[in-house]
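Please look at how nonpolar side chains are grouped in this structure and at how one covered strand is placed among its neighbours.

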Amino acid sequence: MYGKKLDERESSTNSNTTTSTAVSALLQQQQHHHTKVCREPPPNHEFSYRWFRGPTVEPCAYEGCPRRTSFSPHDWSKFALGGSGCSLQCVSAQSSLYKATFCNSDCFVKAWKTQYTIHQSIMDGNNTNIPQARSSTPLRKRTGSYCDDDRSVGSSNSVRSGMSSSNHDGNYIPATPGEISVNGGVGVGVGSGFNNNNIITMSNNNPYNTQSSEDEWIEISRDQLYIPHTEDIGRKLKVEAAAYSLESGELLMHRVVKTDLVLSRTPEPEKRNLVTAKPAGGGGARFRIVTYNILAEIYATQQQYPYADLWALSWDFRFQNIIREIVDVGPDIVCLQEVQADHYESHLYNAMHEAGFEGVYKQKTRQAMGMTGKVDGCALFWRRTKFHLVESYSIEFNELAQRQVTQGMGLNPRSEEGASILNKLSKDNVAQLVVLETAQPSMTRGNREPNQVCIANTHLYSNKDCPDVKLWQTLHLLQELETFIMARGPANLPLMICGDFNSTPDSAVYDLLSRQLVHPGHPDVNTGEENGPNVLPDIMSITHSHMLGSVYNTVLGEEPKFTNYTMQFKGVLDYMWYSTRNLRPLSAAPIPDESVLTRHGDALPSTQYSSDHIMQISDMQIVSGGSR
């Protein structure tokens, strides 16, 4: 849509060259007189910063409002505020609630039931003697906007406490995204990923009540970065940034920026219980594995998720929830999808390393969306005390497509047919492949048990109108795994394939993984000419030798109702597959009920669940001798 508008604008410009040239000349003349760009480079300068903590404010005049005492993100979301989160102020001069401000219409309606009419004679006198309303809802006096003449940053209270989280071993994870940074004294960012382009300016009718005198602001820091603390919760922060000339000491520029209310850390979600499979004797090493599509920032937009708050979609807010959710379940192996390249470097790897993990990353093969690092990929972590890495490889489906066109089909990739097939198959998706060895080899009756496991992590193409492309990717992934495992000798290597397959249980992808073949009449292999060139081999060739089982289907008797839960789609897209010859699922964590998922939002992501997918968790065991 946006690209189309740009094209239309360009076309329009080309068709009206004379008119646009005249307008351009006029604009250049105006800019010459009114430009804000310095014609000369600024003198050598230095910056100074002063951070202040604001006074306590009363968010809502209704005494029964939970936001008077709670600053949990759950209570400040659009969902909790009844949709828009628009504040209301009583403007009836004859009401005892005159100029009282309420956080939403529900609180206003409840408070209105307790108001009474003030007699005209009292209104004409000194209103400081007006009695309070019967409900003890206080009379509000408006003395102006809470915002000053500078800027206010935050979309409905986007600043959070920078408190640390602890992992299951009691180690604390640094609260990186709690930082509020100022860049050159010009802009304020909430969180380490915020920059000048992300500034959200509040209007002067800030809903959170009255202005307090400046002497109530307490200076708390003179550093460039400030991480909110527990005592900042429920208050606003203000930073004064100034630039001074190094030669003369002259003040060159001064800015003041205020934040919205600092919110507390999101409460921990309900613990997910594991359902245990039917017990079986014997077996070797055990490990806990999770797979999770964590929703990359480049896709977490309000256009895609209009029901979610802007601040709840920000990576800085979601990262703390995601890393805590992962670490709290105590996994030994973690398969992640939609991991943004820059966030893996700046946030994820460091946090997981602090929690005792080592990992590898593979980004998609396409170019970044804008700035460097704005492309997602897959990340795979393992607990250092449980496993060490033996081998690590990555699979690029674009490369496999190139190989099929040139070697498998004998086509010139520049020919019309070859280019058409490559264009259809080159979707930039990738997969990871690692071989892990247990740090403590298992010994049973003097025999050394198998102590290696192969883990594959992938994220297949997402377009629902291209099931044949997903099937092609799955087939070639399985073929690559066959070649890899067979090259390791006669002893079969235990295999798990985890990830977001973007395919429901009724798809050809699911049939191929679970049944080793696809029915010739399946609609996914009969897409028609309107779907582009045929990229699939003969139906009898769509097969593999792996004997795979779905962890959740094996343990729970069926696939979950959903692993992806949005307003647009609710269904199963994520799976954990295992080789039935030498792996045994011991347990699986059921997906939470809809009532739990929608407790703090209409769908995911929400203030509680920071991805649109739900993490899958399972305990696995390596077995030998073909026993299951």
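The report below treats the nonpolar cores and then the surroundings of one strand.

The model is predicted, and its largest nonpolar core has 48 residues, of which Phe 287, Ile 289, Leu 336, Leu 348, Ile 455 and Met 496 have the most contacts inside the core. Helix α6, which spans residues 315–328, gives the most to this core, contributing six residues. A second core, separate from the largest one, has 41 residues, including Phe 397, Trp 472, Leu 477 and Leu 495.

When residues up to four places away in sequence are not counted, Ile 455 touches Ile 289, Ile 333, Cys 335, Leu 380, Gln 432, Leu 433, Val 434, Leu 436 and Met 496.

Strand β31, formed by residues 616–622, is mostly covered, with seven of its seven residues buried. In a regular strand the side chains alternate between the two faces of the sheet. In β31, Gln 616, Ser 618, Met 620 and Ile 622 point one way, whereas Ile 617, Asp 619 and Gln 621 point the other way, and all of these residues are buried.

The strands that pair with β31 are set out here.

| Strand | Residues | Sense of pairing with β31 | Bridges |
|---|---|---|---|
| β16 | 286–293 | antiparallel | six bridges |
| β30 | 583–588 | antiparallel | five bridges |

At the level of single residues, Ile 617 in β31 is the bridge partner of Val 290, while Gln 621 in β31 stands opposite Arg 584.

Conventions:
Residues numbered from 1 in each chain as written. Predicted model: local features only at pLDDT ≥ 70, side-chain atom pairs only at ≥ 80, totals over all residues. Heavy atoms only, no water. Core = buried A, V, L, I, M, F, W, Y, C linked by side-chain atoms within 4.5 Å. Buried < 20%, exposed > 50% of the residue type's maximum accessible area, 1.4 Å probe, protein only. Helix = DSSP H or I, 4+ residues; strand = E, 2+ residues; numbered from the N terminus. Contact = heavy atoms within 4.5 Å. Pairing = 2+ DSSP bridges.
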